[in-house]
Amino acid sequence: MPLRSFIAGLLLALASAAHAAANTVKIGTVAWVGYGPFYVAEQKGMFRKAGLDVQLKMFNDPAEIPPAIAGGSLQGGMVTINQVIAAVVKGQVQKIVMPIDFSNGADAIVAPLAMNSLAELKGRKIGLAQLTPSDILLGYALRTAGVADRDVTFINMAPDAIPAAMTSGQLEVGVTWEPMLSQLLTMEKGKRYKVIYSSRQAPGLIADVLVFDQKFIAASAKEIETVVRVYLQALDWTRKNPDEAAKIVAKAMSISPKEVKEQLPMVRNVSGADMPKAFAKSADPLSFHTSGAITSEILKSRGEIDRIPAVSEYAEAKFVTAAAAGK
């Protein structure tokens with residue numbers, strides 16, 4: 001092969017590789033029914049059809065996602081607003097580009113059947129994964145009941161360890177989410193545990209969001225626009241094809257389609273038309289100005305952050321604004 005042709009071929013290959021790398025977006029996720037449209041978009045090839053190689057990286061512990069973004073092994077992640085706030089205060093410049101869903105009963109405080117009120121949590125050992133939605137839900141619930149943090153003992157543990165810890169007698173009370181929540185509630189045919197407080201009583205408080213590193217946002221706006229656009233297409237497809245979507249989501253979560261359908265009412269996915277409300281300053285529970293303020297106050301009171309950041313530090317509205325306008 002003539003040297004010139006070899007060099008030309010090499011340059012073309014390098015350019016193609018660089019283009020492929022530029023269009024590859026690695027996003028961290030966990031098994032969560034609210035993330036279903038992302039699983040659908042991946043399995044149905046919707047991202048590829050839009051010219052984007054989105055790779056969903058599954059994590060067992062959502063707390064591992066923000067550090068992975070900060071370390072560069074991920075460009076983005078599906079996390080909860082408390083994780084974003086904590087990361088930003090620590091100096092990790094990550095911003096929410098899209099609200100995904102909010103919990104509508106999928107997160108809960110679970111206790112023995114004999115326990116009837118939050119006031120009875122005083123003096124109890126409570127298992128939860130700290131710096132997760134469970135932490136925020138419990139903090140908010142305790143405040144509504146007039147119970148101080150010092151009146152309970154927090155036992156930090158992995159979310160999937162809570163059912164075993166409760167059934168073994170190590171814990172009386174646990175704070176967790178689906179599918180661990182259903183595991184507890186169906187034990188002994190529902191005659192052992194019950195929900196004494198859930199996210200249904202605090203709508204909008206626990207919000208799942210899509211977050212990207214600020215450097216990636218600055219350098220890859222078109223890629224993020226495509227992710228948002230394709231997600232909304234997948235959300236629409238999911239609603240129109242519930243049975244097939246349930247099978248895809250079930251496979252991603254390692255549960256049955258029946259369980260997916262049982263969990264779906266506990267989550268509210270945010271529509272494209274409603275997404276801009278999350279960034280607008282209002283008293284609406286969907287607004288980050290409301291849920292973010294409550295979350296920040298709880299984190300600060302626990303000593304998990306040392307200041308309350310402004311919403312502008314951890315949220316970027318332009319992508320959902322463009323999507324809502326049909327751009």
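These legends walk you through three close-up views of a predicted model. Local features here need pLDDT of at least 70 and side-chain atom pairs pLDDT 80 or more, while totals for chains, interfaces and linings use all residues. Residues are numbered from 1 along each chain as its sequence is written, and side-chain values use heavy atoms, leaving out hydrogens and water.

**View 1. Helices α2 and α10 pack against each other.** Look for α2 at residues 36-43 and α10 at residues 221-240 (helices are DSSP runs of H or I, at least four residues, numbered from the N terminus). Their axes, lines fitted to C-alpha atoms over the stretch in contact, lie 8 Å apart at an angle of about 100 degrees. The two helices are therefore roughly perpendicular (65 to 115 degrees, with angles running from 0 to 180 between N-to-C directions). Among the residues in contact (heavy atoms within 4.5 Å) are F38 of α2 and W237 of α10.

**View 2. Strand β6 pairs with strands β7 and β8.** Strands are DSSP runs of E, at least two residues, and two of them pair if DSSP finds at least two bridges between them. β6 (residues 125-128) runs parallel to β7 (residues 153-156) over four bridges, and K125 stands opposite T153. With β8 (residues 173-177), β6 forms two bridges, also in the parallel sense; here I126 faces V173.

**View 3. Two loops hold some less usual backbone angles.** Most residues other than glycine have a negative phi, and most peptide bonds are trans. Between β8 and α8 you can find P179, joined to E178 by a cis peptide bond with omega near 5 degrees. In the loop between α8 and β9, K189 has a positive phi of about 55 degrees.

Technical notes:
Angles under 35 degrees count as roughly parallel, over 145 as roughly antiparallel, 65 to 115 as roughly perpendicular and the rest as oblique.
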